[in-house]
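Work through the exercises below with the sequence and the 3D structure open beside you. Try each task before you read its solution.

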Amino acid sequence: MFTSLLVANRGEIAIRIIRTCREMGIRTVAVYSDADAGARHVLEADAAVRIGGATPADSYLRSDAILDAAIRTGCEALHPGYGFLAEDAAFARACAGAGVTFVGPPAAAIEAMGSKIGARRLMQAAGVPVVPGEVPAEQSDEGIEAAIERIGRPALVKASAGGGGIGMRVVRAGDDALPAIQAARRDALHAFGDGTLYVERLLDRPRHVEIQIIADSEGRVIPLFERECSVQRRHQKVIEECPSPVVTPALRAQMSAAAVAAAEAVGYRNAGTVEFLVEGGTGGEPRFYFLEMNTRLQVEHPITEQVVGVDLVHAQLAVAAGLPLQWTQDALRQRGHAIEARVYAEDPANNDLPQAGPLLLYREPVMPGVRVDSGVTEGGEVTVHYDPMIAKVIASGETREQARRRLIAALRSFPILGVRTNVPFLINILEAPRFVSGEVDTSFLDAAGGSLRPLAREPTAEIRAVADAVRAVVPGAGMPAPVNDPWTVLRKARV
């Protein structure tokens, strides 16, 4: 096993990795930007190295500076977490070339799954179901439009590179396809530098279900069951749960087998997630289709850990060190239910506008069956430079309903002052009848999100009371116009 590891990330995932390393007796080295000099992950690591300026391009995306930090501090391995360089095949290859073990899949596997078109072809060859569609050899606007007519409408025009819904447009009956094609290509070129497009049939209100897998150095690929990720906002996950409320044992077995086949097709090693779209069948089992493979640890991995009882980071490190997995598929069971909510510094009543500022009050809920993974502390700062996720709140229970109620209770017991958050929005989702019954799909939030959002941006009575108290004792906190905005008062009171 490794003795020293560099964590090439920040925030909650960096802390998550550091804590497992601490349990395993592995020394950790953090990296940080100028904006993160006093961040929590820097304080929790055994050592820390500055890698550049505040923006990601000047710091966490600087593969040269990060790899140099690993070498200078004597780290045998490097864990990329998720985001930033986690799915950068060139970085994985550079680590291998420098003699630093990359805790993740081989560079070739990252490359193979990095192209949606290439991955689609690989999956078809491996017998994994894919959404009916076409990759036009003729990539002109007219060629893509002709493919849409052959596939039939409604259709989805998708970028081959990237993810997160970027470079994706829907073309419905009667629509002029050319504006959608041109917009998809323009977005793809801007975001990924690659304007290659393909066309798929648009599924009718599918569910998003993914299978967690891990593959060891002996070639064993073990599926760790499914996660339901259908509660999404503009293709970004908001709430996830394990197991899925609708996946039957038969469907679970079929999807797990497909995930194993997908991993084996690219010679996969380490942890990964195979994502599927699931649509209802007529008079039989629902149909599922390969969506993509995420060649890294997922944000929502804690719900699998809570239900299956494994430490996925520990397993990642063991595999990267060349050790065989200590458990088999037959030894794994799903017990109970877990639901995760992503808490963001954003304003749901104002088109989810990201927020930035100091966390004047931040107290994580402490109660049975609740886990909080976070990367911040009270007095810390939510900056404009990075993703505004504050924490992940994970509730577990013997039943889905118990987990749901626990998560609502935890969110209601999570005071955060200084920035607006999406906590009220999350509670409204968890209390929505469609979520309670488990009858959600990927269109759920986009269709019903408006009715679930807080109706007003007014701070609560408690927040106003804190602001009044601050105004009374802090010089300058009650200056002219902003005095009527409690949020401004609280920010002015920072010391």
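**Exercise 1. Which residue is the bridge partner of Glu275 in strand 14, and what surrounds that pair?**

Solution. Begin with the pair itself: the bridge partner of Glu275 in strand 14 is Glu292. Strands here are DSSP runs of E with at least two residues, helices are runs of H or I with at least four residues, and both are numbered from the N terminus. Before going on, note that this is a predicted model, in which local features need pLDDT of at least 70 and side-chain atom pairs count only at pLDDT 80 or more, while totals for chains, interfaces and linings use all residues. Residues are numbered from 1 along each chain as its sequence is written, and side-chain values use heavy atoms, with hydrogens and water left out.

Next, widen the view to the two strands: strand 13 (residues 270-279) and strand 14 run antiparallel and are joined by seven bridges, where two strands pair if DSSP finds at least two bridges between them. Strand 14 is mostly covered, since six of its eight residues are buried, buried meaning under 20% relative accessible area, exposed over 50%, and partly exposed in between, with a 1.4 Å probe and protein chains only.

**Exercise 2. Place strand 14 in its sheet, and find which strands stand at the edges.**

Solution. First read the order of the sheet: eight strands form an open, antiparallel sheet, in the order 14-13-10-11-12-15-22-20. Strand 14 (287-294) and strand 20 (370-374) stand at the edges, and because each has a single partner strand, one side of each is left without a neighbour in the sheet. Neighbouring strands of this sheet are turned by 25° against each other on average, direction ignored, the axes being lines fitted to C-alpha atoms, for helices over the stretch in contact, with angles that run from 0 to 180 degrees between N-to-C directions.

Then look further along the order: strand 11 (residues 221-233) and strand 12 (residues 236-242) pair in the antiparallel sense over four bridges, and Ile239 in strand 12 is the bridge partner of Val231.

**Exercise 3. Why is there no bond between the sulfurs of Cys229 and Cys242?**

Solution. Start from the search of the whole structure, which finds zero disulfides, a disulfide being a pair of cysteine sulfur atoms within 2.5 Å. The closest cysteine sulfur to that of Cys229 is in Cys242, 9.5 Å away, which is too far for a bond. Check the surroundings as well: Cys229 counts as buried at 0% relative accessibility, and Cys242 is buried with a relative accessible area of 0%.

**Exercise 4. Which residues of helix 3 are buried, and what covers them?**

Solution. The buried residues of helix 3 (residues 63-72) are Ala65, Ile66, Leu67, Ala69 and Ala70. Their cover includes strand 1 (4-7), strand 2 (27-33), strand 3 (47-52), strand 4 (77-79) and helix 4 (89-97). Finally, follow the chain just after helix 3, where Gly74 takes a positive phi of about 70°.

**Exercise 5. Describe the sheet to which strand 6 belongs, and the helices that pack on it.**

Solution. Four strands form an open sheet in the order 6-9-7-8, with antiparallel pairing. Strand 6 (133-134) and strand 8 (168-171) are at the edges, each with a single partner strand, so one side of each is left without a neighbour in the sheet. Strand 6 and strand 9 (residues 197-201) run antiparallel and are joined by two bridges, and Val199 in strand 9 is the bridge partner of Glu134.

Now add the helices: helix 7 (residues 141-151) packs on the sheet, touching strand 6, strand 7 (155-159), strand 8 and strand 9, and its direction makes about 15° with that of strand 9. Contact means heavy atoms within 4.5 Å. Helix 8 (residues 177-192) also packs on the sheet, touching strand 7, strand 8 and strand 9, and its direction makes about 170° with that of strand 8.

**Exercise 6. Is Arg19 buried or partly exposed, and which residues does Arg19 touch?**

Solution. Arg19 is found in helix 1 (residues 11-24) and, at 37% relative accessibility, counts as partly exposed. Leaving aside residues up to four places away in sequence, Arg19 touches Arg40 and Glu44.
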